[in-house]
Amino acid sequence: MAASPKIHLFKKSAIEAGTPELYYLNPSENLWKITSMWRVVEHEDLLFLTLDLKAIGDLVSVHMDGKFINIEVKKENKENGAARFHHKDGMKKFSIEMNPHFLHLGIKVDDIKGWEGIARNYISKLTPIEIKRYAETKNDPKPKSEEKSKGPYTVTINVSRLN
């Protein structure tokens, strides 16, 4: 019995391992620049995504659209903003691409700790049977997991009043 190939948490590590298609998430370059403000923990049947919205901006929008989780800073305190990112204006949009070969498209918001500015989200993994089904319908213009896609929807959180 052959072992299943390793599915990497991030596309970067999958590319480094020589298996660029075997990954769960592909964070944008902007998101990689602020790794201290988010994290992903892998469990057997899901991924647990935590975003520190207060560290990202004062008014942050999380928008689910198809296979993308888009994070946008709508407002930031000018005094804190530059120090927060050491950034230019381009650091206001972030995204995470979900791989529909291995994940259900959509997130479940577990908890938003308003006073902390922390958003905790679950991303469900496909079961081995669902992965096989998806692979069989890969050439179908609308694979089953994309038909059930939840989105677009937006959660906007004003964390500027949390201090």
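Is F10 buried or exposed? I looked this up first, in what is a predicted model. F10 comes out buried, at 15% relative accessibility. The cut-off for buried is under 20%, so F10 falls inside it.

**Entry: the chain overall**

I checked confidence before reading any detail. The mean pLDDT of the chain is 79. Of its residues, 70% reach 70 or more. Among the elements, I find the highest mean pLDDT in strand β2 (residues 23-27), at 97. The lowest belongs to helix α6 (residues 144-147), at 45. Over residues 139-150 the pLDDT is below 50. That stretch still has 15 contacts in the model beyond near neighbours in sequence. I leave those contacts alone. Where pLDDT is low, the predicted coordinates should not be read in detail.

I then took the basic counts. The chain has 6 helices and 10 strands. It runs to 163 residues, and 40% of them count as buried. Among contacts with a separation of 6 or more, 57% join residues 24 or more positions apart.

**Entry: aromatic rings**

I went back to F10 and looked for ring partners. The search gives 5 aromatic pairs. In one of them, F10 and W32 have ring centres 5.1 Å apart and planes at 75°, so I log the pair as edge-to-face. F10 sits in strand β1 (residues 8-10) and W32 in helix α2 (residues 29-32). The two are 22 residues apart, and the pair links distant parts of the chain.

How accessible is W32? I read 23% relative accessibility, which counts as partly exposed. W32 also pairs with W38: the centres are 5.7 Å apart and the planes at 65°, so this pair is edge-to-face too. W38 is buried, with a relative accessible area of 8%. Ring pairs thus link F10, W32 and W38 into a cluster.

**Entry: nonpolar core**

Which residues have the most contacts inside the largest nonpolar core? I find L25, I69 and I123, in a core of 32 residues. I followed L25. Leaving aside neighbours within four places in sequence, L25 is in contact with L9, F10, K11, V40, L47, I96, E97, M98, L103 and I123. F10 is on that list, and so I have a contact from L25 to a member of the ring cluster. I123 is there as well. E97 also appears among the contacts of L25, and I take up E97 below.

**Entry: salt bridges**

How many salt bridges does the whole structure hold? My search finds 3. Side chains of opposite charge can pair when their charged atoms come close.

I took K125 and E42 first. The closest N and O atoms of this salt bridge are 2.7 Å apart. K125 lies in the loop between β9 (118-124) and α5 (128-136), and E42 in strand β3 (residues 38-42), so the pair ties together parts that are 83 residues apart in sequence. K125 is buried, at a relative accessible area of 10%. E42 is partly exposed, at 36%.

Next I took E97 and K67. Their closest N and O atoms are 3.0 Å apart. E97 lies in strand β7 (residues 93-98) and K67 in the loop between β5 (59-65) and β6 (68-75), so this bridge ties together parts 30 residues apart in sequence. E97 counts as buried at 15% relative accessibility. K67 counts as partly exposed at 31%.

I closed the set with E72 and K74. Here the closest N and O atoms are 3.6 Å apart. The cut-off for a salt bridge is within 4 Å, so the pair qualifies. E72 is partly exposed at 28% relative accessibility. K74 is partly exposed at 48%.

**Entry: E97 in detail**

What does E97 touch, not counting residues up to four places away in sequence? I list Y23, Y24, L25, N26, K67 and F68. The side chain of E97 also makes a polar contact with the side chain of K67, at 3.0 Å. L25 on this list is one of the residues with the most contacts inside the largest nonpolar core. So my notes on E97 hold a buried acid, a salt bridge to K67 and a contact with L25.

Conventions:
Residues are numbered from 1 along each chain as its sequence is written. This is a predicted model: local features need pLDDT of at least 70, side-chain atom pairs count only at pLDDT 80 or more; totals for chains, interfaces and linings use all residues. Side-chain values use heavy atoms; hydrogens and water are left out. A salt bridge is a side-chain nitrogen of Lys or Arg within 4 Å of a carboxyl oxygen of Asp or Glu. Helices (H or I, at least four residues) and strands (E, at least two) are DSSP runs, numbered from the N terminus. Buried means under 20% relative accessible area, exposed over 50%, partly exposed in between (1.4 Å probe, protein chains only). Rings of Phe, Tyr and Trp (its six-membered ring) pair if their centres lie within 6.5 Å; planes under 30 degrees apart count as stacked, over 60 as edge-to-face and the rest as tilted. A nonpolar core is a set of buried Ala, Val, Leu, Ile, Met, Phe, Trp, Tyr and Cys residues joined through side-chain atoms within 4.5 Å. Contact means heavy atoms within 4.5 Å. pLDDT is the predictor's confidence in each residue, from 0 to 100. A polar contact is a pair of N or O atoms within 3.5 Å; within protein, one must be able to donate a hydrogen and the other to accept it, and residues adjacent in sequence count only if both atoms are side-chain atoms.
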